[in-house]
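This report describes the open and enclosed spaces of a protein model, its aromatic pairs, and the surroundings of selected residues. The structure to be read alongside it is shown here.

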Amino acid sequence: MAGESVLGLVLAGSAGKRLAPLTDDRAKSAVPFGGLYRLVDFALSNLVNAGITKICVLTQYKSHSLDRHITTTWRLNSLMSNYVAPVPAQQRLGPRWQTGSADAIYQSLNLIRSEQPDLVAVFGADDVYRMDPAQMIEAHLAWGAGVTVAAIPVPRASASSFGVVQAGSDGHSIEAFLEKPASPPAWPGRPDEALAAMGNYIFDRSVLEEALHADAADEGSQHSIGGDIMPRLVRSGVAHVYDFLQNKVPGADGQDHGYWREVGTLDSYFGAHMDLCAVNPVFSLYNDEWPILTSVPPLPPAKFVLDEDDRVGMAVNSVVGNGVIVSGGRVRSSVLSPGVRVDERASVGRSVLLGNVRVEPRAVVENAILDKNVVVRSGASVGVSPERDAERGFTMSEGGVTVVGKGRVVEP
């Protein structure tokens with residue numbers, strides 16, 4: 001990074017309403033993922049692996065479990081002045097909460113003034129991916145940009161749900177930044193693709209501060225980085241786009257290269273878990289050269305017991321966390337988080353079970369997400385009959401996945 005000092009700001013204040021009921025009692029960034037992690041761990045791991053070790057995580061919505069996770073897990077070397085610090089909404093500018101992503105940073109400008117970095121890396125906290133931000137910073141400096149946004153090519157037909165970048169003929173200067181356009185512009189030379197913004201930005205500090213002050217004074221602004229700050233900087237001619245597919249992460253080869261999932265809905269969250277379960281996963285958790293970091297609960301190894309007729313403890317094409325016991329039950333294409341129990345003659349298929357879920361004897365779980373501490377009673381089923389699940393008040397995703405909220409008991 002050519003000696004430039006960088007402050008990382010991770011935006012983790014989102015309520016994540018489309019992930020309810022998983023976000024009924026926690027911030028979106030604190031939602032568990034992959035049997036061991038929290039969503040925020042992916043952004044933090046990417047920054048830390050790239051050598052960015054002064055990071056503030058801006059929180060707001062139901063942030064207790066998120067704050068606790070950051071405080072207990074992300075403890076860097078304070079002797080070297082490195083830190084990952086949760087920063088709750090402080091109302092420094094008056095008795096009001098953050099009203100948008102830009103306002104969240106504006107209300108925390110004291111953090112930037114204190115560090116006086118050359119660059120500010122503003123990253124979202126809710127996506128599953130690997131990325132080396134140092135390579136994006138190198139491009140930002142080479143272009144002399146005031147702001148650079150990471151973007152990924154997506155089919156134009158599906159680009160309307162994203163912020164879309166219209167790039168100039170050079171492929172990196174931005175001519176327009178459009179929030180969820182009805183007719184997304186094509187990427188130059190690729191008429192069937194559009195560039196979807198990923199929510200990751202590199203700002204020159206002075207450019208960011210000036211833009212935030214101008215945005216705060218604009219009564220018509222929604223105070224959003226994508227909706228307000230970026231169009232303002234595009235008009236100033238200082239905005240550039242970085243092609244995520246050009247990012248070469250150590251150890252991320254083949255189909256793992258360029259993987260990015262915005263897990264803002266129950267179906268995308270579920271689908272990203274199913275990606276992990278494939279024999280050759282499109283996103284691998286086993287890249288030692290660019291690890292996804294987190295804390296590991298002090299539980300014993302997973303255990304599989306019984307091999308008698310129809311009482312066979314086994315898991316196939318699945319991700320299994322520590323402390324799990326599969327006792328005579330069968331698990332396939334599923335993610336089991338720490339402390340899960342699957343009892344004899346129970347069946348779990350294509351499902352995501354969060355911490356300490358209990359599936360009792362002869363119970364069936366299919367095509368479902370079960371939040372922490374859910375108990376599926378003996379002989380009960382969930383995810384088998386959408387009509388029955390809806391009658392019991394469980395959440396049904398648009399794709400037909402049944403979601404059971406934290407601590408609920410599923411009766412036969």
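The largest cavity of this predicted model has a volume of about 80 Å³. Its lining consists of Arg 130, Phe 244, Asn 247, Val 249, Ala 252, Asp 256, His 257, Gly 258, Tyr 259 and Phe 283. Sorted by class, these residues comprise 5 nonpolar, 3 polar and 2 charged. A search of the whole structure identifies 2 cavities of 30 Å³ or more. The second largest cavity has a volume of about 40 Å³, and it is lined by Leu 276, Pro 281, Phe 283, Ser 284, Leu 285, Tyr 286 and Val 319. In this second lining there are 6 nonpolar residues, 1 polar residue and no charged residue. Phe 283 appears in the linings of both cavities.

**Pockets**

The largest pocket has a volume of about 1400 Å³. It is lined by 41 residues, and Ser 14, Arg 18, Lys 28, Asp 126 and Glu 262 are those nearest its centre. Two or more lining residues come from each of strand E1 (6–12), helix H3 (101–106), strand E10 (174–179), strand E11 (193–204), helix H7 (225–235) and strand E13. Of these elements, E11 contributes the most, with 4 residues.

For the second largest pocket, the volume is about 510 Å³. Its lining has 23 residues, with Leu 36, Arg 38, Pro 297, Pro 338 and Lys 372 nearest the centre. Strand E2 (32–33), strand E3 (37–38) and helix H2 (64–73) are the elements that give two or more residues to this lining. Here H2 gives the most, with 5 residues.

The table sets out the lining of each space by class.

| Space | Nonpolar | Polar | Charged |
|---|---|---|---|
| Largest cavity | 5 residues | 3 residues | 2 residues |
| Second largest cavity | 6 residues | 1 residue | no residues |
| Largest pocket | 14 residues | 18 residues | 9 residues |
| Second largest pocket | 10 residues | 10 residues | 3 residues |

**Helix H1 and the aromatic pairs**

Helix H1 spans residues 40–49 and is mostly covered, with 9 of its 10 residues buried. The buried residues are Val 40, Asp 41, Phe 42, Ala 43, Leu 44, Ser 45, Asn 46, Leu 47 and Val 48. After H1 comes Gly 51, which has a positive phi near 90°.

A search of the whole structure finds 8 aromatic pairs. In one of them, the ring centres of Phe 33 and Phe 42 are 5.7 Å apart and the ring planes stand at 80°, so the pair is edge-to-face. Phe 33 is buried, at a relative accessible area of 1%, and Phe 42 is likewise buried, at 0%.

A further edge-to-face pair is formed by Tyr 129 and Phe 244, with 6.4 Å from centre to centre and 70° between the planes. Tyr 129 belongs to strand E7 (residues 127–129), whereas Phe 244 is in the loop between strand E12 (239–243) and strand E13 (260–262), so this pair ties together parts that are 115 residues apart in sequence. Tyr 129 and Phe 244 are both buried. Phe 244 is also one of the residues that line the largest cavity.

Ring pairs also join Phe 33, Tyr 37, Phe 42, Tyr 259, Tyr 269 and Phe 283 into a cluster. Two members of this cluster, Tyr 259 and Phe 283, are among the lining residues of the largest cavity.

**The surroundings of Arg 26**

Arg 26 is located in the loop between E1 and E2. Buried means under 20% relative accessible area, so Arg 26, at 3% relative accessibility, counts as buried. A polar atom of the Arg 26 side chain lies 2.7 Å from the backbone oxygen of Leu 22. The side chain of Arg 26 also makes a polar contact of 3.1 Å with the side chain of Asp 371.

Apart from its neighbours within four places in sequence, Arg 26 is in contact with Val 31, Pro 32, Arg 38, Tyr 61, Lys 62, Ser 65, Asp 371, Lys 372 and Lys 406. Among these contacts, Arg 38 and Lys 372 are also listed with the residues nearest the centre of the second largest pocket.

Technical notes: Residues are numbered from 1 along each chain as its sequence is written. Side-chain values use heavy atoms; hydrogens and water are left out. On a 1 Å grid over the protein atoms alone, a cavity is a set of points where a 1.4 Å probe fits but cannot get out, and a pocket is an open set with protein on both sides within 12 Å along at least five of seven lines; lining residues have an atom within 4 Å of a point. Grid points are joined across faces, edges and corners, and a volume is the space filled by probe spheres set on the points. Ala, Val, Leu, Ile, Met, Phe, Trp, Tyr, Cys and Pro count as nonpolar, Asp, Glu, Lys and Arg as charged, and the others, Gly among them, as polar. Buried means under 20% relative accessible area, exposed over 50%, partly exposed in between (1.4 Å probe, protein chains only). Rings of Phe, Tyr and Trp (its six-membered ring) pair if their centres lie within 6.5 Å; planes under 30 degrees apart count as stacked, over 60 as edge-to-face and the rest as tilted. A polar contact is a pair of N or O atoms within 3.5 Å; within protein, one must be able to donate a hydrogen and the other to accept it, and residues adjacent in sequence count only if both atoms are side-chain atoms. Contact means heavy atoms within 4.5 Å.
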